[in-house]
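Notebook open, model loaded. I'm jotting down what I look up as I go.

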Amino acid sequence: MNKINNRFTSIEQITDRYLGNKGLNPSETKSDTSFEEILRQKADGASGVKFSKHAAMRLLDRNIQMSAEQSERLETGVTKAREKGINESLVMVDSLAFIVNVPNKTVVTAIDQNESMEHIFTNIDGAVIA
């Protein structure tokens, strides 16, 4: 059996050796914030709508630019879709159409309705006009 030579007597020694203490006192790294509070803050902070790589490319390719007000309306539309139990939604904001994966709050693709030829949207289970 292999014998492990361990010259460290505590986790603090290992941390200091490999990660460096960086001058922090252990009491300085502790927080008075509870785990529940941190989790709630993270959940609230994650409320923004994300754009998939594909959607971001479509915005660039189609030269679609959104105002802050339109972004806010998109987010409101996604929230309304979530409240209604929609999973894949078409969210209309002015002449812009967004296909959104509602549980992940992720825009899958974006289309300027003026450029869309067919005006047909598939694989959605709801629509919101925001």
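**Ground rules.** I call it a contact when heavy atoms lie within 4.5 Å. This is a predicted model, so I take local features only at pLDDT of at least 70 and side-chain atom pairs only at pLDDT 80 or more, while totals for chains, interfaces and linings use all residues. Residues are numbered from 1 along each chain as its sequence is written, and side-chain values use heavy atoms, with hydrogens and water left out.

**Ile86.** I started here. Ile86 sits in the loop between α5 and β2; helices (H or I, at least four residues) and strands (E, at least two) are DSSP runs, numbered from the N terminus. Discounting residues up to four places away in sequence, Ile86 touches Ala81, Val102, Asp125, Gly126 and Ala127. Buried or exposed, this Ile86? It is buried, with a relative accessible area of 14%. My cut-offs: buried is under 20% relative accessible area, exposed is over 50%, and partly exposed is in between (1.4 Å probe, protein chains only). I also checked one distance: Ile86 and Ala127 are 8.4 Å apart, C-alpha to C-alpha, with their positions 41 residues apart in sequence.

**Overall layout.** I listed five helices and five strands, and along the sequence they run α-α-α-β-α-α-β-β-β-β. Of the 130 residues, 25% are buried. Among contacts between residues at least 6 apart in sequence, 54% join residues at least 24 apart.

**Confidence.** pLDDT is the predictor's confidence in each residue, from 0 to 100. The mean for the protein is 80, and 65% of residues reach 70 or more. Where is confidence lowest? In helix α2 (residues 26-29), at a mean of 50, whereas β2 has the highest, at 96. Note to self: where pLDDT is low, the predicted coordinates should not be read in detail.

**The sheet.** I count two strands as paired if DSSP finds at least two bridges between them. The five strands make an open sheet, ordered β1-β4-β3-β2-β5, with mixed pairing. β1 (50-51) and β5 (126-129) are at the edges with a single partner strand each, so one side of each has no neighbour in the sheet. At one edge, β1 and β4 pair in the parallel sense over two bridges, with Lys50 opposite Thr106 in β4.

Two helices pack on this sheet. Helix α4 (residues 53-61) touches β1, β3 (96-101) and β4, and its direction makes about 20° with that of β4. Helix α5 (residues 68-83) touches β1, β2 (88-93), β3, β4 and β5, and makes about 145° with β2. For these angles, axes are lines fitted to C-alpha atoms, for helices over the stretch in contact, and angles run from 0 to 180 degrees between N-to-C directions.

**Thr106.** Back to that β4 residue, since Thr106 lies in the strand's 106-112 run. Thr106 counts as buried, at 16% relative accessibility. Leaving out neighbours within four places in sequence, its contacts are Lys50, Phe51, Ser52, Ile99, Val100 and Asn101.

**Aromatics.** Rings of Phe, Tyr and Trp (its six-membered ring) pair if their centres lie within 6.5 Å; planes under 30 degrees apart are stacked, over 60 edge-to-face, the rest tilted. How many aromatic pairs does that give? The count is one. Phe51 and Phe98 have ring centres 6.4 Å apart and planes at 75°, so I log the pair as edge-to-face. It links distant parts of the chain, with Phe51 in strand β1 and Phe98 in strand β3, 47 residues apart. Phe51 is partly exposed at 33% relative accessible area, while Phe98 is buried at 0%.

**The β5 edge.** β2 and β5 pair in the parallel sense over four bridges, and Met92 has Ile129 as its bridge partner in β5. Side chains alternate along β5: Gly126 and Val128 point to one face and are buried, whereas Ala127 and Ile129 point to the other and are not.

**Loops, last look.** Thr122 is in the loop between β4 and β5 and is exposed at 55%. Asn123 is found in the loop between β4 and β5, exposed at 70% relative accessibility, and has a positive phi of about 60° although it is not a glycine. Asp94, in the loop between β2 and β3, has a positive phi near 55° and counts as partly exposed at 45%.
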